Amino acid sequence: MPENLKIDPYGFREYDARWLYEKDINKEGIENLGKGLGTQIKLHTKKNNPRVIVGHDYRSYSEEIKTSLKKGLISTGCNIEDIGLSLSPMVYFAQFNLDADAVAMVTASHNENGWTGVKMGIKKGLTHAPEEMKELKDITLNQKFSAGRGNEKQIKNFDQIYKDDLISKNKIKKKIKAVVACGNGTAGIFAPDILRSIGCEVIELDCNLDWTFPKYNPNPEDLKMLHAISKEVKANNADIGFGFDGDGDRVGVIDNQGNEIFSDKIGLLIARSLSSVHKNSKFIVDVKSTGLYSKDKILLQNNCETIYWKTGHSHIKRKVNAEKALAGFEKSGHFFFNKPLGFGYDDGINSAIQVCHLLDKEDKKMSEIISKLPNTYQTPTMAPFCKDE
């Protein structure tokens, strides 16, 4: 291995790749990751010049990481279509919209500054699962790179195409007053705009982009963020509060009284609402979710089946795809809507839109809708520090 190359093998996780930038991976390491990914994409697509959609989030260092990643991809023969500053779901959407062969999104999601990572996928709507991750790690660390000549083009204004796709299909009749909180992350230039355009009255909270995250990390499981949204909902007498994570694939929900609704409960309410229109559907939920799905009267009346599956966004996404389920819900706030509601991947803004449809359909406040569910008890997500080794 060249002297100046740094790439910690532990950065290849079960379903994503994450490192502390410059401590665990440097530019050369990122370039090799690009070479590894490019080689893997060629292997799976059997194409010499596969087209790869690339985007990045709003971190001070994301763009330079993206530049190194692209360099690696191009050296294997990949043709890059760079859509610029993006949300992860916008990159996933671009693969469908532009009919590309693979995606690579540079994002640290909700993690502290210093972290970076790449969300990647080859089959449309899916991200790397453990098998693909293991293969990528092997190719990258053992430098089994394929060589080729790729190119690069910038796709301008793709954000508008992504926004229009969500807006055009989702107009609502009721004027829903929503607090939209983005924790100064990338969702700030997307979520307020989209929700306003479908018909919501939007109250913005920390929607200006600021990569120093002056208040807290954009993480809808972070109690600090949830409490801030709750305060804003009560102060504005809003109908609902939404909190988006750094790369816009997750959402947290606060009801009109300022109470946090755990994502698995929101999932159940959305599933109930959808089941009346889409009878005989399947839903996938992760094992951390409430047990209420399996014996829910409304879901059973509408002949719907719920399958409990492994936690982790790539596991649930794949299961939704394999079972042709209508939707999948993960307690962490990753929701997956399959056709006709979405393309199967997790999009926090589409999830918020589905909550708006729920409110639009019912003539009740969110707190009244939630009170119809039996009481269950659960803890917030706990993540004690654990060394990678």
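This note goes through two helices, two single residues, the largest pocket and the largest cavity of a predicted model.

1. Helix α7 covers residues 223-236, and its length is what one would expect: at 1.5 Å a residue, its 14 residues should span 20 Å, and the C-alpha atoms at its ends are indeed 20 Å apart. At the start of this helix, a side-chain oxygen of Asp222 comes to within 2.8 Å of the backbone nitrogen of Lys224, while the residue that follows the helix, Asn237, has a positive phi, near 55 degrees.

2. The buried residues of α7 are Met225, Leu226, Ile229, Ser230 and Val233. They cover an arc of only 140 degrees around the axis, which puts them on the same side of α7. On the other side of α7, by contrast, Lys224, His227, Lys231, Lys234 and Ala235 are exposed. The partners of the buried residues are strands, since these residues pack against β7 (177-181), β8 (201-205), β9 (240-244), β10 (251-254) and β11 (260-261).

3. Helix α11, residues 348-361, also has 14 residues, and the distance from its first C-alpha to its last is 20 Å, close to the 20 Å expected at 1.5 Å a residue. This helix is mostly covered, with twelve of its 14 residues buried; among them are Gly348, Ile349, Asn350, Val355, Leu358 and Asp360. At its start, a side-chain oxygen of Asp347 reaches to within 2.9 Å of the backbone nitrogen of Ile349.

4. Asp360 belongs to helix α11 and is one of the buried residues there. Once residues up to four places away in sequence are set aside, Asp360 touches Ile172, Lys173, Lys174 and Ile176, and a polar atom of the Asp360 side chain lies 2.9 Å from the backbone nitrogen of Lys174. Between Asp360 and Phe158, on the other hand, there are 29 Å in space, C-alpha to C-alpha, with the two residues 202 apart in sequence.

5. Ser88 is placed in helix α3, which runs over residues 88-97. Its relative accessible area is 0%, and because buried means under 20%, Ser88 counts as buried. The side chain of Ser88 makes a polar contact with the side chain of Asp247, at 2.5 Å. Apart from neighbours within four places in sequence, the residues in contact with Ser88 are Met105, Thr107, Lys119, Asp247 and Asp249.

6. The largest pocket holds about 1,600 Å³ of space. Its lining is made by 45 residues, of which Arg13, Arg18, His110, Asn111 and Ala383 are the closest to its centre. The elements that give two or more residues to this lining are β1 (17-20) and β5 (115-121), and the largest share, four residues, comes from β5.

7. Two cavities of 30 Å³ or more are found in the structure, and the largest of these has a volume of about 90 Å³. The largest share of the lining of this largest cavity, three residues, is given by helix α5 (residues 158-168). Residues that line the largest cavity include Phe93, Tyr162, Asp165, Leu166, Lys169, Phe337 and Tyr345. Asp347 and Asn350 also line the largest cavity; Asp347 is the residue whose side-chain oxygen reaches the backbone nitrogen of Ile349 at the start of α11, and Asn350 is among the buried residues of that helix.

Note on methods: Residues are numbered from 1 along each chain as its sequence is written. This is a predicted model: local features need pLDDT of at least 70, side-chain atom pairs count only at pLDDT 80 or more; totals for chains, interfaces and linings use all residues. Side-chain values use heavy atoms; hydrogens and water are left out. The expected span of a helix is 1.5 Å times one less than its number of residues. Buried means under 20% relative accessible area, exposed over 50%, partly exposed in between (1.4 Å probe, protein chains only). The arc is that of the directions from the helix axis to the C-beta atoms. Contact means heavy atoms within 4.5 Å. A polar contact is a pair of N or O atoms within 3.5 Å; within protein, one must be able to donate a hydrogen and the other to accept it, and residues adjacent in sequence count only if both atoms are side-chain atoms. On a 1 Å grid over the protein atoms alone, a cavity is a set of points where a 1.4 Å probe fits but cannot get out, and a pocket is an open set with protein on both sides within 12 Å along at least five of seven lines; lining residues have an atom within 4 Å of a point. Grid points are joined across faces, edges and corners, and a volume is the space filled by probe spheres set on the points.
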